[in-house]
Amino acid sequence: MWYGRNDARARSRALAFLMQFAVPALVLAWTAGAWTAGAWTDTIAVKGAAADLRSIAQSAQSRMYRWRDAKGMLLSGPNNETLSNNWSGYGINGGGTYTVVQGSWTVPAVSYQSYSGSPDVEASSTWIGVGGQDGDETLIQIGTMQAAAPGGDAEYFAWYEVLPDSEVPISRKQYPVKPGDTITATIQCTAACAPYALSTWVLTLTNAGSWPQPYTITLQYASSLTSVEWIMEGPCIKDCGSSSPGFAYMPNYGTTTFSAISVNNSTPKLERSPNGIIMRDPNGNAMSMPSDPNGSSFTVNFTI
């Protein structure tokens, strides 16, 4: 996530309510790009005061960061999937111009997962998007976030984001989100739909049986239009605009199935290679992994 001009104020408004668990504590982040010779360094970001906790836990979505070896070469999964520091799921990169993406999922119930270093906030976000792969700094997204803390506390809410601006939370009062809700998201370009043109986009989120009407917003954005994705992410919590951002550890979300997925109003032909994306933890173990695709659906699994 790249910060906007009113970063501190916007981020404070956006996600302050995540920290209703306002106790002095430590938060664990791990840093993309810190891996050398098989070991991670500088992976723990410690904040001791409640104010620091609230600040660092204001998560943000980010473009995809890929795992590389000590020589900077890209690493791949067992079936030639993309290995990522922060994304898991499926994506399509190249081979077309992408102007419409859709998908549905059930909001997972998350629980605190104890990691080395005892983080007091863990977060995951579930979303669809256009852009953001392989160094593409454009990314337009809409989805839900799930956060967990020790003692069983958890928070859920909806949001949208367009890089480089800050995440925008969707009114929790008007559009509440809870585990088990069925979410359907659509991102569609409706005018001036050309790469890097200032296009008109309509973002829509529905919550079957819970919201009286969908949430919809129309905005102007210049996208690369080069990729689309359906993602479970470990959001950024530290140095999000740098080349080595720090990502949150994921809470245990069990499994989440993306269904009714489409791109440019057609069912995508997804395969593990080259479309699958596995998120790994700092030790190189799979933290979140997609299943084999099944037509218009697939499942992501918490694997630790």
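Select threonine 186 and glutamine 102: their side chains are joined by a polar contact of 3.2 Å, a polar contact being a pair of N or O atoms within 3.5 Å in which, within protein, one atom must be able to donate a hydrogen and the other to accept it, and residues adjacent in sequence count only if both atoms are side-chain atoms. The model is predicted: local features need pLDDT of at least 70, side-chain atom pairs count only at pLDDT 80 or more, and totals for chains, interfaces and linings use all residues. Residues are numbered from 1 along each chain as its sequence is written, and side-chain values use heavy atoms, with hydrogens and water left out.

**Stop 1: threonine 186 and its strand**

Keep threonine 186 selected and display strand β11 (residues 182-191), in which this residue lies. Helices (H or I, at least four residues) and strands (E, at least two) are DSSP runs, numbered from the N terminus. Is threonine 186 buried or exposed? Threonine 186 is buried, with a relative accessible area of 16%; buried means under 20% relative accessible area, exposed over 50%, and partly exposed in between (1.4 Å probe, protein chains only). Next, show the surroundings of threonine 186: apart from neighbours within four places in sequence, its contacts are Val101, Gln102, Ile128, Ile142, Val202, Leu203 and Thr204, where contact means heavy atoms within 4.5 Å.

**Stop 2: the strands paired with β11**

Add strand β6 (residues 100-106), which pairs with β11 in the antiparallel sense over seven bridges; two strands pair if DSSP finds at least two bridges between them. Glutamine 102 stands opposite threonine 186 in β11, and the polar contact described above links the side chains of these two residues.

Then add strand β12 (residues 198-208), which runs antiparallel to β11 and is joined to it by nine bridges. Here isoleucine 183 stands opposite asparagine 207 in β12. The two strands β11 and β12 form a hairpin with six residues between them. In the turn, select alanine 192, which has a positive phi of about 55 degrees.

**Stop 3: the disulfide**

Select cysteine 189 and cysteine 193, which are joined by a disulfide with an S to S distance of 2.1 Å; the criterion is a pair of cysteine sulfur atoms within 2.5 Å. A search of the whole structure finds one disulfide. The torsion about its S-S bond is about -105 degrees, so the disulfide is left-handed. Cysteine 189 is buried at 7% relative accessibility, whereas cysteine 193 is partly exposed, with a relative accessible area of 34%.

**Stop 4: threonine 204**

Return to strand β12 and select threonine 204. This residue is buried, with a relative accessible area of 18%. What does threonine 204 contact, leaving aside its neighbours within four places in sequence? The list consists of Ile142, Thr184, Ala185, Thr186, Pro214, Tyr215 and Thr216. Proline 214 is ten residues from threonine 204 in sequence, with the two C-alpha atoms 6.6 Å apart.

**Stop 5: the nonpolar core**

Select Ile142, Trp201 and Trp230, which touch the most other members of the largest nonpolar core, a set of 58 residues. Such a core is a set of buried Ala, Val, Leu, Ile, Met, Phe, Trp, Tyr and Cys residues joined through side-chain atoms within 4.5 Å. Strand β9 (residues 154-162) gives the most to this core, with six residues.

**Stop 6: the aromatic pairs**

The structure holds eight aromatic pairs. Rings of Phe, Tyr and Trp (its six-membered ring) pair if their centres lie within 6.5 Å; planes under 30 degrees apart count as stacked, over 60 as edge-to-face and the rest as tilted.

Select tryptophan 87 and tryptophan 127: the ring centres are 5.0 Å apart and the planes stand at 80 degrees, so the pair is edge-to-face. Tryptophan 87 lies in strand β5 (residues 87-93) and tryptophan 127 in strand β7 (residues 122-131), so the pair ties together parts that are 40 residues apart in sequence. Tryptophan 87 is buried at 0% relative accessibility, and tryptophan 127 is buried at 0%.

Move to phenylalanine 258 and phenylalanine 298, a stacked pair at 5.1 Å centre to centre with 20 degrees between the planes. Phenylalanine 258 belongs to strand β17 (residues 255-263) and phenylalanine 298 to strand β20 (residues 298-302), so this pair ties together parts 40 residues apart in sequence. Finally, extend the selection to Tyr90 and Trp105, which ring pairs link with Phe258 and Phe298 into a cluster.

**Stop 7: the whole chain**

Display the full protein chain, which has three helices and 20 strands. Of its 304 residues, 54% count as buried.
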